[in-house]
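This report walks through one protein model, beginning with a single side-chain contact and working outwards to the whole chain. Please keep the sequence and the structure in view while reading.

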Amino acid sequence: MKTSSSSQRVGRASKRSAPDPLIAGQAIQTLGRLGLFGDDAASLALLDDSRVRVRHEAVRALGLSHDADVSPKLAPLLTDPDPTTRALTIQALGNLPGTEARESLVAYQRDQDLSDTEQAFLRAALAPEPIR
């Protein structure tokens, strides 16, 4: 994760915790694309946010981080009741380097009764060269 000044961190934190899920989601999405969304406590807490849009964008942003250390934080979301969250988690884990993310996906593929969507996302995530 890139470092920034305290005022920038406060500005980002206030936007990603905005009460409107569209504003918070857009802020998270932007931070993810800029590589500024990481494995800090505030970012990881958004994986449990009550707002679906915010959770989805947090998963996407962590996948864009290319930080293998977030794999254990994302893997539990493979069993989330929301099918979109599961698909986004598969995609995010597929974007992460290292073996831990891949092992989580292989175990999930082996142990679950998967929807067609999940199977398609898994094929892409587990492809030798990730499809982006």
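## Thr89 and its surroundings

In this predicted model, the side chain of Thr89 reaches the backbone oxygen of Thr85 at a distance of 2.7 Å. Thr89 lies in helix α6, and its relative accessibility of 0% falls under the 20% cut-off, so Thr89 counts as buried. Once neighbours within four places in sequence are left aside, the residues in contact with Thr89 are Val59, Leu74, Leu77 and Leu78.

## Helix α6

The helix that holds Thr89 is mostly covered, with 10 of its 13 residues buried. These buried residues are Thr85, Arg86, Ala87, Leu88, Thr89, Ile90, Ala92, Leu93, Gly94 and Asn95, and what covers them includes α4, α5, α7 and α8. The end C-alpha atoms of α6 are 19 Å apart, which agrees with the 18 Å that its 13 residues should span at 1.5 Å a residue.

## Helix α4 and the loop that follows

Helix α4 also has 13 residues, and from its first C-alpha to its last it reaches 19 Å, close to the 18 Å expected at 1.5 Å a residue. Its buried residues are Val54, Arg55, His56, Glu57, Ala58, Val59, Ala61, Leu62 and Gly63, a list that includes charged side chains alongside nonpolar ones. Among the elements that cover these buried residues are α2, α3 (41-45), α5 (71-74) and α6.

What phi does His66 take just after α4? The angle is positive, at about 55°, although His66 is not a glycine. Most residues other than glycine have a negative phi. His66 lies in the loop between α4 and α5, and with a relative accessible area of 42% this residue is partly exposed.

## The nonpolar core

The largest nonpolar core holds 30 residues, of which Phe37, Leu47, Leu74 and Leu105 touch the most other members. The elements that give two or more residues to this core are α2 (21-34), α4 (52-64), α6 (83-95), α7 (99-111) and α8 (116-125), and the largest share, five residues, comes from α4.

Leu47 illustrates how such a core member is surrounded: apart from its neighbours within four places in sequence, Leu47 is in contact with Arg55, Ala58, Val59, Leu62, Lys73, Leu74 and Leu77. Of these partners, Val59, Leu74 and Leu77 also appear among the contacts of Thr89.

## Salt bridges

How many salt bridges does a search of the whole structure find? The search finds five. One of them joins the side chains of Arg86 and Glu118, with an N to O distance of 2.6 Å. Because Arg86 lies in helix α6 and Glu118 in helix α8, this pair ties together parts that are 32 residues apart in sequence. Both Arg86 and Glu118 are buried.

The side chains of Arg51 and Asp49 meet in another salt bridge, at 2.8 Å from N to O; Arg51 is buried, with a relative accessible area of 18%, and Asp49 is likewise buried, at 14%. A further salt bridge links the side chains of Arg110 and Asp111 at 3.4 Å, N to O, but here the partners are exposed, Arg110 with a relative accessibility of 59% and Asp111 with a relative accessible area of 53%. In addition, Arg53, Glu57 and Arg60 are joined into one network by salt bridges that share partners.

## The protein as a whole

The secondary structure comes to eight helices and zero strands, so that the pattern read along the sequence is α-α-α-α-α-α-α-α. Of the 132 residues of the protein, 44% count as buried, and the accessible surface comes to about 7,200 Å², of which 54% belongs to carbon and sulfur atoms.

Among contacts in the protein with a separation of 6 or more, 58% are accounted for by residues 24 or more positions apart.

Technical notes: Residues numbered from 1 in each chain as written. Predicted model: local features only at pLDDT ≥ 70, side-chain atom pairs only at ≥ 80, totals over all residues. Heavy atoms only, no water. Core = buried A, V, L, I, M, F, W, Y, C linked by side-chain atoms within 4.5 Å. Buried < 20%, exposed > 50% of the residue type's maximum accessible area, 1.4 Å probe, protein only. Helix = DSSP H or I, 4+ residues; strand = E, 2+ residues; numbered from the N terminus. Contact = heavy atoms within 4.5 Å. Polar contact = N/O pair within 3.5 Å; in protein donor to acceptor, adjacent residues only side chain to side chain. Salt bridge = Lys/Arg side-chain N within 4 Å of Asp/Glu carboxyl O. Expected span 1.5 Å × (residues − 1). Areas by Shrake-Rupley, 256 points an atom, 1.4 Å probe, with all protein chains shown as cover.
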